Each structure stands twice: as structure tokens, then as C-alpha cells.
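Good morning, and thank you for making time for this presentation. Please turn to the sequence and the structure, which I will go through in parts.

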Amino acid sequence: MRWLKGLAVAGAVALAASACAGGQVRGADRTATPASTTTPGATQQATENASTFVYAPNLEVVTDWDPATSYSNEIMAMANIYEGLTRYNAQTQKPEPRLATEWTSADDGKEWTFKLREGVKFHTGATLTSQIAKQAIERTIKAGGGAAYIWGAVDKIETPDPLTLKFTLKYASPLDLIASSGYAAYIYDPAGVDKDGKKDGGTGPYTIDQWQKGKETELTLKAFEDYWGGWKPQQYKKIAFRVTPEINTAWQLLQSGEVTFVPRLNPQLFEKAATTPAVQTSKASSFQNLLVLFNTETLPLEVRQALQYAIDYDGLVAALKGAGVKASGLVPQGLLGHVPGREPRQDLAKAQELLERAGFGPDKPELVLDLTYAQGDEDQKLLVTLLSAALKKLNVTLRAKPMQWNAQWDQAKAKDPAKRQDVFVMYWYPDYPDPYSWFVNVFRSKETPDFNLSYLKDAEIDKMIDALPALTATDPAAAQASYAELQKKIIDERAAVAVPYVQTYQRALAAGVQGYVDNPAYPNVVFFYDLAPSP
Amino acid sequence: MSRPISPRSAPPEPGPPEQAPLRRTLPRVPDRFAVAGVVLLALITLAALLAPWLAPYPEDHLDPVNALRPPSAEHWLGTDEVGRDVLSRILYGAQTSLLIAAAVLGASSVVGVTLGVVAGYAGGWLRDVIMRITDVFLAFPALLLSVALAVVLHPSVATVIVAIAVTWWPWYTRLAASTAASVATRPYVDAARCLGVPAPLIVLRHVLPNSLTPVLVQLSLDAGGVILTAAALSYLGLGAQDPTAEWGLMVQLGQSRFTTNWWLAAFPGLAILLTAFACNVLGEGLRNALDPRRTVR
């Protein structure tokens, strides 16, 4: 599920398309500050913020502490611990300076030179130099995990001086945009990387305080005193991630002030949140879509197609009541490769016909399918309810199991294919605002499964996917055509996936928090450093 | 109202008094609560049987556009998160709950009474073996054992039936064994034995029928418990699965929306409460009726 992961890219594009960059924040002028211990009457400058900002995700936070290979929900913590050369600004739709203060490109985008920020300290105590930055990127490329593919265009990295990083590329690529990726683009001190989460090698404003895998308060972060950006008294110095699978519990905790931020509520609670004095809400379109991946190794093509037809796409979007919009293909609107007019429709007669061709259906042997989805995700639950009801009429029993991400993912990656599920439900969002991530991660064949959880193995599709980065840089029109063709192959011909909807972000946070802006390029990430309780 | 009178006033004859024939012990004035229980249970059973005709909407009728509508003239008990009519689902859910109760009580009483009667009549090592096995089962808290079993099996209605039946039968074995043991010493059983009637026939013709009364009372008292346990298992996600209409499952699905859409959990919860209540008062009434040591005022 990488439910968070896929969010980032999708968000950036959708922002552009719907002009709701940053989202619409309501109730920010309210003054209740349940999570704050601010002393009334004290001046803002003099008041040290001793309160903890508590984030309430519905799933476990950390699956991988290595910034080179991390590729899942931990982005919500990692993006506050680590920094890249640039950060994508959803409002301007451009990368802006972070660890690099300026950059230039030459030779038609095949050569990039980044000037690094002076006086940046790693949490390990080391000082940022071009040498360490080079080591970090090369280590990430060598590890080859997670989103390391984003550096695919890099031919060599040079360090002409301690604060200059020069990239030579194999083919033209928007390296400033790539460097803003929420995954695999972090500049870190390799000496600080610790898989047990006891320390970290980042430069970001926060550092690991305590990680307790499996505990309710799984992770706490503390301010890094030597952060290059400095600290103001009112900024949050303590952050906690409190895993709260039940939406209703999260809502109650938010109301009582025990948590500060809930990334997603159900439509009814979100509506209620908009009129609750102690709470503010934020709404923004995203690049995060729901993928229903069909096991291409166990399910015949006809069954996969029947499942595509059995999903009540319109009903699902209606039941979401504003929390999502109907998807048209794999690539959300606003990104290169988006194909309008391919919204799917439910057709139970066709589904039955296809099932019967495969030897199933009413009056034939019962078909039992195992589906796994994210525990506590009510939107996914809606899909499951609608799909199981539709399939029951076709003599198909859906054994749906809500699971924590690690367990769901481990089962999907089981060495024994018989132990894997038939249908896998997860969200996806791009690593940087570009559609390549869906294809190279989810549909390119792999020896051992990672995120390609439809287990699709198709040499022709692989070849087309591999050609995409260069094509995008040299001939965007051809790239668009290639993306359209790929979606036809993956969705229509191979029936590896159904894409019901693109999420609309609906956040709820304590009314007293100032400065919250959704950045869909970093899905579900709250940049805590940018926030403060209202004075 | 009923209340037990002092045991000392029980007839001084030997042997347990529960074996008094049914007809002789039926009270002249029926217990009002028991009557209410019977009526309620009859209504619920009728509703379950007639669900396809009574329910305003089909069981699998989805209408996401009208999801989460509060109770209204169109949907008396409101609609759920995908627009299914809650009243219709409760009526169909009655089928599931009563089916589970009947299957569990049927299976566990057949197994339990058979073993119990054999143990009670045979005595000796056979009785010891059977009773020690039941002790092993009784050593585990019933719900815990059911949960453990349900976790191992795939969640479904059949799983619920198996998981509860496995924990339920030992009680009937115990009950039947103690009654059968006392029946086995009765003069008419001795007489049959002296006449050379084979043991299986004695058990079937004499011991079994005269050991059934307490089991019948216990069954009616247990029906509510089974329905509650089944609801608990489904509530824990180990029993019936969507889209099957089942009360416990409906409560579980509705609980996360309780503060905004209370009708999702409240009405199925009420259905569970009423059914369990009806079974209990009926069982209580039956016990009073069949127990000559108790009197009805």
C-alpha cells in the first residue's frame, strides 16, 4: 500500500489542474488551541512552545529507516528529518531551494550544477559538503531500492568545490524537479543511517527522539537545535505519531485536544469537523489514486476483467461524498500521460458473461477470492462492501481482510505464490510530479515482488516503460502517446488493475494551528517546522 | 412473577425431581414474562421467515447516492454507508441469527446429550473418559475458545456455528450425564435390564427420554447466549462477512459512525437485545414450569 507514498506526485499535478494548490483552509482564524500550552498574555516572541504536535495516522508509520530505500508511509516522518536539494512548491508548481540555494542547467538539460547551502549541519554533527552529498546520492543509486530509479538519468557526479555538485546526465531530465522527490532524493550522512531508528543522518529540522515499533505512540521527534533555518520560540519542538486505526477514535482525540492532526476522516465526520469550533479543516485535490490490483498469476484474464466490470465506480464516488473523484485511467488529471474519457463503468451482465467463460458464475462452481486492504481506511471499506455485494450476485465470494500495511505487504510479497492474495487494494502517488512512478513501480515486472503486486510480467510492457524517461525529456508528445498505449495494455488488455477514484484530501487539525498548507507533492506530510500555535 | 420456594418443601422421594412428566408440571397460570418471551420470539421467527416479503428492499439492494440517510418514511430505520436499507438488513439478519442459534444448539445438544447419556448410563471408565474430555473443554472460557477457533478458520457463518458448537456441547454432556446417572438407578430401568432388554434399547427408550427435560430448559436459556456469542464473533470480524446481513456485523460496521449516524449500530443492537431477552425470559419461564420445586404465583 504505500498508501501515503503515491500521494505526493499526484498531489502536485492535481493542484495545478484545479487551482486549489495548498488547499482551502477553513477555520484557521479560530483561536482554540487544545494542544498548546501557550500562556495567555505572554508575547509571541517570548513564549516557548512546549506543546507536542500529535499526528494520528491510521496505519503504522515506519517500515524502512534507510533514506536510500524508504518508500512507504514513513515519508510523513522522513520528510521532516531529511531534506533534498530542492523542495516542490505546490503553489508555484516549481522546485524551490532547500539544501541547494541555486542551480543551473546546460547542454539542453544534460548537465546540472547545484550550489549547496553553507553551514548546514547533519544530525550526526558532520557539515554538509558536496562530497557527502555525492556519497549519499551514489549510495542511494547503488542500493537500487525504493525510488532509486529517479536518478536513472545520472551518468556521473562531480564535486568541483566543497559546495558545488555537478551532474552529467545520460539524457536530458528535469533534475531540479527530480531532486525534490519525496523519496530517494534525500541528502544524508551515510554514517547516521540506522535501520533500528535509534539515530538518523538527516539535515532536517527534526531528529528521531524515540521509535517504538508496534506501540500506539510509535514515533516521537524532537527539534534539531543546530538546524540551518534556526528556531523561533513558537515553533513546535516536539512531534508525536500516534497510530489510530479507528477514524472515530481519531476524531474524538482531535476534539479533546489529544491529537493535533488527522490526515483523513470519513465524509460525515469531515462535515462535522467543518462546524466544530476546536477544529479546522483543509481540502485539496491530489495525485493519489486507489489501485485495485488483480493477481495476474492466479486469476484468469476473464475473471480479472469481470472484476473490473463488477466494481460500482459511480456508486463508490457517490458514497465518498466529495472525498474522491472518478479516475480516468492510471494517471490523474494534471500529469503528463493523463487520458481523459476512459472512466470505467459497472456492467454486471458483462461481468457475468466473462465469469461464465472462465467456468464460474451463477449455477456454476463458486469462486472464492481473497482481498486485502488497509485497516481503518473507510474509503477502501466502501469499495469492499460494494464489490462484495455485487460479486455475491455472481456467485463469487470475496473474503476481504483489513490489515496493517506491513502485514498486508508481507503477505503480498510471500515467497510462496499460493500464500499471496487475489486482489490487493492500495493507494499510489508519484515520487515527484510525473507519472513514471506508477508504471515503473507497479507494473514493470520484477523477479521478487515489491510494489508490482499484480505480479504482471510482460516483456513488451517492460520495454515501453523503460523507454519512458528519455522519451519524456526529448519528445513529450510521443511520451503522452506511449503512456496512453500503456494504460490501454495494462488496464484493458491485461486487466491487471482497476482504478476507481482519485482522492481529494480532507484534513482535520486543531483550530489553534497556524500555517498548515497541503502539499500534495509530499502526500500526508505535515511540515511541522512551518507551523505554530496561534498566539 | 416466580420465585423458588424452599427446597425443603420438595417431595421427599428419591432421585431428582426434574423427571416429572411434562404434562403434570405445567403451571395453570402462565408466567406473564414467559408469555411475552414466547410472543416476542414468535414474532422474530416470523419476521425472519417472512423477511423476503416483509422487507421493504431486497437484501442486496445498494443505493450509494442515498447512503447514510437517517430514519424516514422511505427508510424506516435509515440507510447504511452504501445505501442499504437498515430495516431490510435487520429482517434478513434475523434469518442469520436464528439459523446460527438453531444450528449451534442442534449440533451441540445432539453431541452433548448422546455422550452424556452414554456416560451416565454406562458409568465406570467410559464415564470417566467422557467427563474428563468435557472438563478439558470447560476449562477454557467459552468465548475465548470460540475466538481462537474462529481465527484459525476463515470468517463465515459456518465458522461461527462450528466455533460456538465446539464450546457449547460439554455443558449438555454434563447435564445429561448427571440426569442419566440417576435415571439409570430407577426401578423401571432395573426391571428392563432384568427382562434382558439390550443396553442400547434401554438407553434409547428409557434413559434418554427421561433425561431430556433439564436439557430442554437449558437449550431455551442458551439460545440467547448463542445469539450474543455469534454477534460478538461477527463483531470481532471473525464471523459473518459483508454482504451477509448479520446483526453483530452490522453493529461493528456502524460503530465507527455512531456519533454521526447512530441508526447504523443502534437498531441492530436493539434487535440483538430483544432476541436475547426473549430467549432468556422464555427459558426462565420454561424452567419454572418444568421444575416442580418452583412455583408460579
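I begin with two helices of chain A, α13(A) and α15(A), which are roughly antiparallel to each other, because an angle over 145 degrees counts as such. The angle at which they pack is about 155°, and their axes are 10 Å apart. In sequence, helix α13 of chain A covers residues 459–466, and helix α15 of chain A covers residues 476–493. Their crossing is left-handed. I should state at this point that the model is predicted.

Which residues bring these two helices into contact? From α13(A) they are A:Ile461, A:Met464 and A:Ile465; from α15(A) they are A:Ser482, A:Glu485, A:Leu486, A:Lys489 and A:Ile490. Sorted by class, this contact has five nonpolar residues, one polar residue and two charged residues.

I now move to strand β13 of chain A, residues 279–294. Is this strand largely enclosed or open? Of its 16 residues, 15 are buried, so β13(A) is largely enclosed by the rest of the structure.

The pairing of β13(A) deserves some detail. With strand β19 of chain A, residues 501–510, β13(A) runs antiparallel, and eight bridges join the two. One position to inspect here is A:Ala284, whose bridge partner in β19(A) is A:Tyr505. Strand β17 of chain A, residues 423–428, also pairs with β13(A) in the antiparallel sense, over six bridges. In that pairing, A:Leu291 stands opposite A:Met426 of β17(A). Finally, strand β18 of chain A, residues 497–498, is antiparallel to β13(A) and is joined to it by two bridges. There, A:Val292 stands opposite A:Ala498.

Let me turn to chain B. Chain B contains eleven helices and two strands. How are they ordered along the sequence? The pattern reads β-α-α-α-α-α-α-α-α-α-α-α-β, with a strand at the start and a strand at the end. Chain B has 297 residues, and buried residues make up 47% of them. Taking contacts in chain B between residues at least 6 apart in sequence, 72% join residues at least 24 apart.

The last topic is the contact between the two chains. Chain A contributes 22 residues to this contact, and chain B contributes 18 residues. On the side of chain B that touches chain A, eight residues are nonpolar, six are polar and four are charged.

That concludes the presentation, and I welcome discussion.

Definitions and conventions
Residues are numbered from 1 along each chain as its sequence is written. Chains are lettered from A and ligands numbered from 1 in the order in which they are written. This is a predicted model: local features need pLDDT of at least 70, side-chain atom pairs count only at pLDDT 80 or more; totals for chains, interfaces and linings use all residues. A residue is buried if 20 or more other C-beta atoms lie within 10 Å of its own, exposed if 12 or fewer, and partly exposed in between; C-beta atoms are placed from the backbone. Helices (H or I, at least four residues) and strands (E, at least two) are DSSP runs, numbered from the N terminus. Two strands pair if DSSP finds at least two bridges between them. Two residues are in contact if their C-beta atoms, placed from the backbone, lie within 7 Å. Ala, Val, Leu, Ile, Met, Phe, Trp, Tyr, Cys and Pro count as nonpolar, Asp, Glu, Lys and Arg as charged, and the others, Gly among them, as polar. Axes are lines fitted to C-alpha atoms, for helices over the stretch in contact, and angles run from 0 to 180 degrees between N-to-C directions. Angles under 35 degrees count as roughly parallel, over 145 as roughly antiparallel, 65 to 115 as roughly perpendicular and the rest as oblique. A crossing is left-handed if the near helix is turned anticlockwise from the far one by less than a right angle, and right-handed if clockwise.
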